[in-house]
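Biologist: Hi! Could you walk me through this one? I'm still new to reading helices.

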Amino acid sequence: MARPIEGSDAPGKATRAPRAFAPMEARDVPQTIDPIVDADPELETAPVTPPRRTSLFARLAWATGGILVALALGLAANRLLRDLFATSEWLGWAGLAILAVFVVALVALLTRETLALLRLRTLDHLRRRAADVLLRDKRDAGKAILAELNEIYHARADLARAREHLDRNARDIFDGSEIVKLCERTLMAPLDARARALTAASARRVALVTTVSPRALVDIAFVIYESVRLGGDIARLYGARPGVFGTWRLLGAILMHLAVTGGLVLTDGVVEQLVGQGLAAKLSARLGEGIVNGLMTVRVGIAAMRVVRPLPFETQRQPMVKDFMAELANVASAGPRKPV
């Protein structure tokens with residue numbers, strides 16, 4: 001038999017009205033919340049500036065001067081062949097054959113230099129287009145960036161697996177910016193790691209040679225040689241093929257980038273940060289010069305990465321000088337010691 005539960009509603013009892021609780025404090029929640037931005041000034045990097053184009057008068061001077069030199073060389077070759085044929089017929093034909101081989105080799109060199117300059121310009125334009133895709137988020141433009149990267153790296157066996165992974169995953173992405181970010185994570189990340197290794201190895205060599213070299217002229221020559229070599233190696237790593245004129249153009253862009261970002265300014269505080277407070281004063285002068293030259297080489301390597309990298313740094317962290325301080329600290333600890 002069912003029995004009523006105590007406290008249940010029964011006839012004749014008044015029902016208790018529900019209580020209303022007033023909130024102690026009311027706050028309006030904003031519709032959007034501002035993201036937290038890292039305001040570290042070290043992470044703020046200057047944009048890569050394209051190389052400044054030569055003025056019209058400079059181009060005219062170089063063009064007319066080249067034409068005059070070519071005409072002078074042609075007249076000299078004509079005079080030489082006439083003299084050779086006048087001396088002996090077989091000697092003239094031999095000179096003509098040598099001249100033909102020289103002209104073919106010269107045309108091949110000029111063609112290669114032109115293609116190298118065009119490749120550097122292609123990488124620069126690709127980086128600017130990728131930055132625009134990251135802002136505008138157009139899918140067709142992102143697909144075009146992907147196709148151009150595949151064309152640049154189609155002959156690279158070390159990136160075959162990365163390209164396969166990229167093509168397989170890019171089909172499911174509908175945002176242009178996400179396609180560019182996937183390209184950076186897949187293709188640029190391994191190249192960035194190898195570029196850092198090249199920069200660290202070059203900085204160690206510069207620091208060691210500067211420490212043990214007997215003459216300042218040897219230091220300057222080796223620093224210049226390593227800087228040119230490092231810039232060329234990093235350019236070839238990212239897909240460029242710089243020749244003689246391409247190397248000069250690349251070095252000009254690197255020096256311009258260093259001048260814009262203030263990378264040529266290094267003080268004693270950098271060395272103290274590298275080897276610890278107070279320890280820099282105990283180091284020999286040659287070891288301190290080696291560390292400073294090593295840091296300069298690091299700056300050249302970082303600038304080369306920013307100049308020739310076909311994609312801007314978006315998902316990957318841009319390398320900084322402090323990332324290489326451990327390498328140079330090992331050089332400092334293993335440097336020459338004064339005999340006790």
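Modeller: Sure, let's chat about some helices and one loop residue, keeping in mind that this is a predicted model.

Biologist: Great. How do people describe two packed helices?

Modeller: They use the angle between the two axes and the distance between those axes.

Biologist: Okay, so what are the angle and axis distance for H1 and H2?

Modeller: H1 covers residues 56-87 and H2 covers residues 89-136; they pack at an angle of about 150 degrees, and their axes are 5 Å apart.

Biologist: Which word goes with that angle, parallel or antiparallel?

Modeller: Roughly antiparallel, because angles over 145 degrees get that label. The crossing of H1 past H2 is right-handed.

Biologist: Which residues make the contact?

Modeller: On the H1 side you'll find Ala77, Leu81, Leu84, Phe85 and Thr87. H2 brings Glu89, Leu91, Gly92, Trp93, Gly95, Leu96 and Leu99.

Biologist: And how many of them are nonpolar, polar and charged?

Modeller: In the contact of H1 with H2, 8 are nonpolar, 3 are polar and 1 is charged.

Biologist: Let's move on. How do H2 and H5 cross?

Modeller: The axes of H2 and H5, which is residues 176-212, come within 7 Å and cross at roughly 135 degrees. That angle makes H2 oblique to H5. Their crossing is left-handed.

Biologist: Where do H2 and H5 touch?

Modeller: H2 uses Ala130, Val133 and Leu134, while H5 uses Gly176, Ser177, Val180 and Lys181. Sorted by class, the contact of H2 with H5 has 4 nonpolar, 2 polar and 1 charged residues.

Biologist: New topic! What's special about phi in Asp137?

Modeller: Phi of Asp137 is near 60 degrees, so a positive value in a residue that isn't glycine. Most residues other than glycine have a negative phi.

Biologist: Where does Asp137 sit?

Modeller: Asp137 is in the loop between H2 and H3, the helix at 139-152. Asp137 is partly exposed, because its relative accessible area is 35%, in between the cut-offs of 20% and 50%.

Biologist: Last one: how far apart are the end C-alpha atoms of H6?

Modeller: They are 31 Å apart. H6 has 22 residues, 216-237, so at 1.5 Å a residue it should span 32 Å, and the two values agree.

Biologist: Which residues of H6 are buried?

Modeller: Among them are Asp219, Val223, Glu226, Leu230, Ile234 and Leu237.

Biologist: And what comes just after H6?

Modeller: Gly239, with a positive phi of about 115 degrees.

Conventions. Residues are numbered from 1 along each chain as its sequence is written. This is a predicted model: local features need pLDDT of at least 70, side-chain atom pairs count only at pLDDT 80 or more; totals for chains, interfaces and linings use all residues. Side-chain values use heavy atoms; hydrogens and water are left out. Helices (H or I, at least four residues) and strands (E, at least two) are DSSP runs, numbered from the N terminus. The expected span of a helix is 1.5 Å times one less than its number of residues. Buried means under 20% relative accessible area, exposed over 50%, partly exposed in between (1.4 Å probe, protein chains only). Axes are lines fitted to C-alpha atoms, for helices over the stretch in contact, and angles run from 0 to 180 degrees between N-to-C directions. Angles under 35 degrees count as roughly parallel, over 145 as roughly antiparallel, 65 to 115 as roughly perpendicular and the rest as oblique. A crossing is left-handed if the near helix is turned anticlockwise from the far one by less than a right angle, and right-handed if clockwise. Contact means heavy atoms within 4.5 Å. Ala, Val, Leu, Ile, Met, Phe, Trp, Tyr, Cys and Pro count as nonpolar, Asp, Glu, Lys and Arg as charged, and the others, Gly among them, as polar.
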